[in-house]
Amino acid sequence: MDSQTLPGRSGGEHPLVSPWIVATAVMFATFMEVLDTTVVNVSLPHIAGSLSASVDEATWTLTAYLVANAIVLPITGWLANYFGRKRLLIAAVVGFTAASFLCGLAPSLSVLVIFRIIQGATGGVLQPISQAVLLEAFPPEDRGKAMAFWGLGIVVAPMLGPVVGGWLTDNYSWRWVFYINIPVGIISVVMSSLYLFDPPYIRRRIGETVDYWGLGMLAVGIGTLQVILDKGQEADWFGSPWVVYFAIIAAIALAAFLIRELIARHPIVNLRALKQPTYATGVFLMTMLGFGLYGAMVLLPILLQTLLGYPAVDAGIAMFPRGLGSFLMMPLVGILMSRVDARKLLLLGCFGTAVSMYMLSVLNMNLGYWNIFWPQFLQGVSMALVFVPLTTITMDPIPLEGMGNATSIFNLMRNLGGSIGIATAITMVARATQRHTTLLGANVTPFSPRAQQMIAQLRAAFIGQGFDPVMATRKAYAALFGMVQQQSSMLSFNYVFGFMTLVFLCMIPLIFVLRRPQRKGPVAGH
């Protein structure tokens with residue numbers, strides 16, 4: 001069963017193609033795309049300086065990518081049916097690789113943003129198609145192993161991104177952050193050309209009519225929503241007029257899109273798949289997973305760099321234990337999936353992730369490396385226990401001809417959940433820091449003996465360094481205020497990690513709604 005592709009699956013009339021070769025082919029494409037979502041982050045100051053732009057302006061290279069990615073994700077299933085899956089995948093990899101090369105050559109920020117839009121649009125195709133191909137290439141009883149293999153790229157790539165990006169930027173140039181995609185893209189194109197084939201039902205549906213209204217509403221709705229989520233905190237959310245206008249546009253466009261897709265004869269996104277309770281629950285759980293995982297992932301580097309003074313590369317390396325935990329656990333989960341009820345593994349994973357978030361929520365300013373290592377390692381192990389079972393359970397009731405559409409929605413909601421989680425986490429930290437600064441600062445008064453004792457000690461220390469009494473007093477007050485701000489920030493991070501703990505605990509009751517995978521599935525075209 002492992003050594004050959006079943007007739008009617010993505011091997012089609014080529015039954016001698018091993019599904020593991022297919023898995024390797026699509027893994028290259030997926031890993032390249034996921035890595036690119038985080039590899040640019042640590043290079044933003046260098047990009048800004050090189051292209052004569054501010055760091056805030058340089059963040060549009062991230063926003064442009066995410067917006068284009070979010071728009072394309074939900075229509076990937078339809079695109080595969082319209083153009084053919086193999087043709088679309090190869091075109092997407094070629095487009096992504098070419099755009100990466102052009103990003104590296106970009107002479108100005110505006111040109112870089114344009115090529116990042118192309119990268120995001122072509123990259124958005126890769127994850128859903130890769131997932132659909134894998135789920136079809138393997139028989140149902142081996143899908144856990146396939147998802148474990150694919151999950152290595154999805155979970156490990158975001159962890160390696162900051163490390164690779166920081167190392168390349170420091171040792172070579174930010175342009176190499178894009179150039180590294182070229183050899184991976186070439187390998188992916190060659191392997192996809194040789195070993196990927198469209199199943200019969202994909203060929204039969206090539207040439208369907210285009211739902212232009214649905215496509216337009218989706219692009220406007222998702223695009224404006226993604227811009228709000230990415231830039232909302234900088235603009236003070238609904239305190240900014242443009243955020244209000246964009247929110248109204250997004251709400252109207254998405255509401256019209258939902259209505260259109262439910263009545264259209266050939267919808268661009270088939271929402272009827274959500275009538276299946278297991279699939280709908282799984283999509284919701286994946287949204288919550290994206291919310292909690294990406295929200296926490298963006299906070300820890302900020303904590304390490306702003307409070308502990310880690311350089312960008314060291315902060316990226318400090319995040320490595322999470323990827324290590326996932327890397328070690330993914331193969332084991334793939335084996336366990338064929339022997340243990342997947343829902344039990346999912347339950348254990350959600351509980352383990354909640355515990356890891358709780359461990360981060362009780363950290364203080366005296367933390368050391370191992371205080372960061374173990375929560376992350378546990379989180380990586382738990383993510384493997386969540387990702388593989390959840391994907392396998394959610395897709396189990398979906399017929400093969402609906403797999404492309406189902407994986408598109410599934411990946412879109414994970415990414416949207418992640419965007420909402422990041423926006424929520426950053427906003428909560430900013431607001432909680434203001435609140436804690438006010439509360440802690442209220443105790444630093446001329447009438448507080450402990451505050452006066454601390455100021456006297458600091459003043460004496462600065463005088464000992466050669467400052468005159470007046471300057472030493474000013475520096476003492478500034479140093480004390482800095483301590484207040486540090487403690488306020490630490491308490492704010494604790495607060496948000498505690499909130500993420502509750503998010504993962506709330507996922508547990510929904511697991512019991514899911515149906516156990518049936519171990520046998522439909523054959524394509526039947």
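# Exercises on salt bridges, loops and a pocket

Asp-236 has a relative accessible area of 46% and is therefore partly exposed (buried is under 20%, exposed over 50%, and partly exposed in between, using a 1.4 Å probe and protein chains only). The model is predicted, so local features need pLDDT of at least 70 and side-chain atom pairs pLDDT 80 or more, while totals for chains, interfaces and linings use all residues. Residues are numbered from 1 along each chain as its sequence is written, and side-chain values use heavy atoms, with hydrogens and water left out.

## Exercise 1

State where Asp-236 lies and which residue forms a salt bridge with Asp-236.

Solution.
1. Place Asp-236 in the loop between α12 (212–231) and α13 (241–263). Helices here are DSSP runs of H or I with at least four residues, strands are E runs of at least two, and numbering starts from the N terminus.
2. Check the backbone: phi of Asp-236 is near 65 degrees, which is positive in a residue other than glycine.
3. Look for the partner. Asp-236 forms a salt bridge with Arg-431, and their closest N and O atoms are 3.3 Å apart (the criterion is a side-chain nitrogen of Lys or Arg within 4 Å of a carboxyl oxygen of Asp or Glu).
4. Compare positions in sequence. Arg-431 belongs to helix α19 (residues 403–441) and Asp-236 to the α12–α13 loop, so this pair ties together parts that are 195 residues apart in sequence.
5. Classify the partner: Arg-431 is partly exposed, because its relative accessibility is 35%.

## Exercise 2

Find how many salt bridges a search of the whole structure gives, and determine which residues a network joins to Asp-341.

Solution.
1. The search of the whole structure finds four salt bridges.
2. Take Asp-341 with Arg-343: the closest N and O atoms of this salt bridge are 2.8 Å apart.
3. Asp-341 is buried, because its relative accessible area is 9%. Arg-343, at 26%, is partly exposed.
4. Take Asp-341 with Arg-516: this salt bridge has its closest N and O atoms 4.0 Å apart.
5. Asp-341 sits in the loop between α16 (320–336) and α17 (342–361) and Arg-516 in the segment after α21, so the pair ties together parts 175 residues apart in sequence.
6. Arg-516 has a relative accessible area of 37% and is partly exposed.
7. Through shared partners, the salt bridges join Asp-341, Arg-343 and Arg-516 into one network.

## Exercise 3

Describe the second largest pocket by its volume, its lining residues and their classes.

Solution.
1. The volume is about 390 Å³. Pocket points lie on a 1 Å grid over the protein atoms alone, in an open set where a 1.4 Å probe fits, with protein on both sides within 12 Å along at least five of seven lines; lining residues have an atom within 4 Å of a point.
2. List the lining: Leu-440, Asn-443, Val-444, Ser-448, Arg-450, Ala-451, Met-454, Leu-480, Met-483, Val-484 and Gln-487.
3. Assign helices. α20 (449–464) and α21 (469–511) each supply at least two lining residues. The largest share comes from α21, with four residues.
4. Count by class: seven residues are nonpolar, three polar and one charged.
5. Add the connection between these helices: Asp-468 lies in the loop between α20 and α21, and this residue is partly exposed at 42% relative accessibility.

## Exercise 4

Compare the C-alpha distance in space with the separation in sequence for Gly-166 and Ile-317, then for Asp-468 and Phe-291.

Solution.
1. Gly-166 is in helix α8 (residues 143–171) and counts as buried, with 5% relative accessibility.
2. Gly-166 and Ile-317 are 151 residues apart in sequence and 9.6 Å apart in space.
3. Asp-468 and Phe-291 are 177 residues apart in sequence and 52 Å apart in space.

## Exercise 5

Locate Leu-102 and name the nonpolar surface patch that Leu-102 helps to form.

Solution.
1. Leu-102 is in helix α6 (residues 85–105).
2. Its relative accessibility is 32%, so Leu-102 counts as partly exposed.
3. Phe-101, Leu-102 and Leu-105 form the patch, with about 250 Å² of accessible area together (members have over 30% relative accessible area and no salt bridge, and nonpolar side chains are joined within 5 Å, like charges within 9 Å).

## Exercise 6

Determine where Ser-52 lies and whether Ser-52 is buried or exposed.

Solution.
1. Ser-52 is in the loop between α2 (44–50) and α3 (55–58).
2. With a relative accessible area of 72%, Ser-52 is exposed.
3. Phi of Ser-52 is near 55 degrees, a positive value in a residue other than glycine.

Terms used:
Areas by Shrake-Rupley, 256 points an atom, 1.4 Å probe, with all protein chains shown as cover. Points joined across faces, edges and corners; volume = space filled by probe spheres on them. Nonpolar A, V, L, I, M, F, W, Y, C, P; charged D, E, K, R; others polar.
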